[in-house]
Amino acid sequence: MSDAKLQSVISALTQVATQLNAMPTSQSAPDANCVKLNTNENPFPLPMMVMQSALAALERHYMYPEDDNLSLRTAAADAYGLSQDQVIAGNGSSELLGLIYRAFLSPGDSVAMMSPGFSFNRKLAMLQGARFLEVEWGESYSLPTEQLLLGPAKDAKFILLANPNNPTGTFVPVAEIDRLVDQSNRLIVVDEAYVDFAPDDALRLVDRHSNLMILRTFSKGYAAAGIRVGFGFGHPELIGRLRNLQNVFNMNLIGHAVGISILSHRADYDENHRYIKHERQRATTALSQFGFSVIPSHTNFLLARVPPGQDGKWWHASLDRRNILVAVFPDDGLENYIRISIGTKTQMDTFISAVRDISESL
Ligand SMILES: Cc1ncc(COP(=O)(O)O)c(C=O)c1O
């Protein structure tokens, strides 16, 4: 296609597509041997029974998966004490987030997110041509309830917050969420991707409030990021509308089997969650000794302010040269931070000794 023709094709696209930049073309895949601490995976094997369910499901490879994810939704409803029509299932919670934005926002509408937050939401709002309002956390990362109820966010079609939050790792007491949902007449979406590492969860509020939706995933707490299993819980009138708009056969057979199996083997993960919290504490202590300032975390990652003199990008590059991947953020106010996922003891030892080497070489 000639460049003139390409320009004419692009300019005929939607406003969103016209303004977007294409993804960079020459990205290389990460080294398979790197210490990957940048996307908050849970690098542990699946319990044997869960693994076996995945292999058994593969034998039915020629069949379509069950439509509307019925068995998986029923299993989740049973496990969490809800009814099946209060549950939607998806390829990770990010698919469900996308569905919520598509179903509930028209161009020109506004949506509000607690900020800093999970930046994928910004892109989803942009895709809908919606205004994305970022509401800053209150002091010590508390929920600014009055501001959400009375400020510009009061006109948002929905308000989204992650609890615990990414990238800060902070946690808001469930009573504060209860108060916000109670006093708001808007939909509040609480993304509980990291809840398995937190002291409490808001699922019990679903039966009490028709304007609350909760998202969960098996990517972080259940070592199944590559299988893609997520859930949304809420009022049947809202969940039913989302299910109606969902792609047919959205999940696959293996996702169904693994999801159902994890739901009945959740207790097998207790040890894993204890291990991650222990490593989280060990890494927090070590980083503090090297001059980092670590925000107390309720997740499987840490957000750490780097010591004065360098910025997040510098640390990212220095660790990258040692084949260790951590996350950095372009957002204002986060330039001096790196986010480190909590991995195995061996991975964390490698990370801590790299930080020691880098600190000593300064
Ligand atoms: C806050 C939050 N929500 C949702 C997701 C999406 O997770 P998944 O699509 O794997 O379920 C992530 C992933 O990093 C996240 O950090």
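Visitor: At what angle do the axes of helix 5 and helix 6 cross, and within what distance do they come?

Guide: This is a predicted model. In it, the axes of helix 5 (residues 92–104) and helix 6 (residues 120–127) cross at roughly 35° and come within 9 Å.

Visitor: Right-handed or left-handed crossing?

Guide: The crossing of helix 5 past helix 6 is right-handed.

Visitor: Which residues meet there?

Guide: Helix 5 contributes Ser94, Leu97, Gly98 and Tyr101. On the helix 6 side they meet Phe120, Asn121, Leu124 and Ala125.

Visitor: And by class, how many are nonpolar, polar or charged?

Guide: The contact of helix 5 with helix 6 has five nonpolar and three polar residues, and no charged ones.

Visitor: Changing topic. Which residues are around the ligand?

Guide: From the earlier part of the chain there are Gly92, Ser93, Ser94 and Phe118. The others are Asn166, Asp191, Ala193, Tyr194, Thr217, Ser219, Lys220 and Arg228. Ser94 is also one of the helix 5 residues that meet helix 6.

Visitor: How far is Ser93 from the ligand, and is that backbone or side chain?

Guide: Backbone: an N or O atom of Ser93 lies 2.6 Å from an oxygen atom of the ligand.

Visitor: What about Thr217 and Lys220?

Guide: Both use side-chain atoms. For Thr217, a side-chain N or O atom is 2.5 Å from a ligand oxygen. For Lys220, a polar side-chain atom lies 2.8 Å from an oxygen atom of the ligand.

Visitor: How much of the ligand does the protein bury?

Guide: The protein buries 91% of the 390 Å² that the ligand exposes when taken alone.

Visitor: Now the backbone. Which peptide bonds are cis in the loop between strand 5 and helix 8?

Guide: The bond from Asn163 to Pro164 is cis, with omega near -5°. The bond from Asn166 to Pro167 is also cis, with omega near 15°. Pro164 lies in the loop between strand 5 (158–162) and helix 8 (174–183), and Pro167 is placed in that loop too. Asn166 is among the residues around the ligand.

Visitor: What is the phi of Asn40, and where is that residue?

Guide: Asn40 has a positive phi of about 55°, although it is not a glycine. Asn40 is found in the loop between strand 1 (35–36) and helix 3 (48–58).

Terms used: Residues numbered from 1 in each chain as written. Predicted model: local features only at pLDDT ≥ 70, side-chain atom pairs only at ≥ 80, totals over all residues. Heavy atoms only, no water. Axes fitted to C-alpha atoms, helices over the stretch in contact; angles between N-to-C directions. Helix = DSSP H or I, 4+ residues; strand = E, 2+ residues; numbered from the N terminus. Left-handed = near helix turned anticlockwise from the far one by under 90°. Contact = heavy atoms within 4.5 Å. Nonpolar A, V, L, I, M, F, W, Y, C, P; charged D, E, K, R; others polar. Near = heavy atom within 4 Å. Polar contact = N/O pair within 3.5 Å; in protein donor to acceptor, adjacent residues only side chain to side chain. Areas by Shrake-Rupley, 256 points an atom, 1.4 Å probe, with all protein chains shown as cover.
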